[in-house]
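Me: Got a minute to go through some helix packing with me? Let me pull the model up first.

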Amino acid sequence: MKHHYAFLIYFGAFLVQSTFCAAWPVFGVSADLILVLSILFPFCYGGWQGAVLGIFFGLVRDLCFGLIIGPSALIYFAISALVLVARQFFYGEKLIPITASVVLGTLFFCLTDWLILQSFGQAFHILMVLKGFLPLLLQELFWAAAFYWLIGRRAFHYPQDRWFHERSYWS
């Protein structure tokens, strides 16, 4: 996928996340579409494109909505890097590795974000995080299926779209 298309997809996801998802939370929890893309882009396309865009939009998210600047960007980068390493061991077109990546990535994000906020004195209990985990996970799985159906399948059916791996500074 070309870089400007990936940037537009991330930008559109950020806009939908900050407007639509924030306006209509499910059980008090809004979906994190940047997290979904930071998991799916390395899984489907490989390379560091998802990690770099995850850092950028994580910083934008923290600047606009966060309590502390930087944790989301670091966590998105770590998740993208872990997915990039893990994708070498799985066949990406199967449903189970993608679902497991979304579940583990969402759990990792929730717990790591809580730990970082706790270390900076933002006191809220772990049960608050765990209470919102299931509704967040269901939303993340829904959006992951939608993104995979719209953009992810193309990476496996038309591998020539992976052109940026040979000539890119992103990979």
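Reply: Sure, this is a predicted model, and we can go through how one helix packs against two others.

Me: Cool. At what angle do α2 and α4 pack, and how far apart are their axes?

Reply: Helix α2 covers residues 33–45 and α4 covers 71–86. They pack at an angle of about 25 degrees, and the axes are 8 Å apart.

Me: So what do we call that, parallel or antiparallel?

Reply: Roughly parallel, because angles under 35 degrees count as that.

Me: Which residues make the contact?

Reply: From α2 you have Ile-34, Leu-35, Ser-38, Ile-39, Pro-42 and Phe-43. α4 brings Tyr-76, Ile-79, Ser-80, Val-83 and Leu-84.

Me: And how many of those are nonpolar, polar or charged?

Reply: In the contact of α2 with α4, nine are nonpolar, two are polar and none are charged.

Me: OK, switching to α5. What's the angle with α2 there?

Reply: About 140 degrees, with the axes of α2 and α5 10 Å apart. α5 runs over residues 95–119. The angle makes α2 oblique to α5, since only angles over 145 count as roughly antiparallel.

Me: Is that crossing left-handed or right-handed?

Reply: α2 passes α5 in a right-handed crossing.

Me: Who's touching whom in the contact of α2 and α5?

Reply: On α2, Leu-35, Ile-39, Leu-40 and Phe-43. On α5, the list is Pro-97, Ile-98, Ser-101, Val-102, Gly-105, Thr-106 and Phe-109.

Me: How many charged residues in the contact of α2 with α5?

Reply: None: that contact has eight nonpolar and three polar residues.

How values were computed
Residues numbered from 1 in each chain as written. Predicted model: local features only at pLDDT ≥ 70, side-chain atom pairs only at ≥ 80, totals over all residues. Heavy atoms only, no water. Axes fitted to C-alpha atoms, helices over the stretch in contact; angles between N-to-C directions. Helix = DSSP H or I, 4+ residues; strand = E, 2+ residues; numbered from the N terminus. Parallel < 35°, antiparallel > 145°, perpendicular 65-115°, else oblique. Contact = heavy atoms within 4.5 Å. Nonpolar A, V, L, I, M, F, W, Y, C, P; charged D, E, K, R; others polar. Left-handed = near helix turned anticlockwise from the far one by under 90°.
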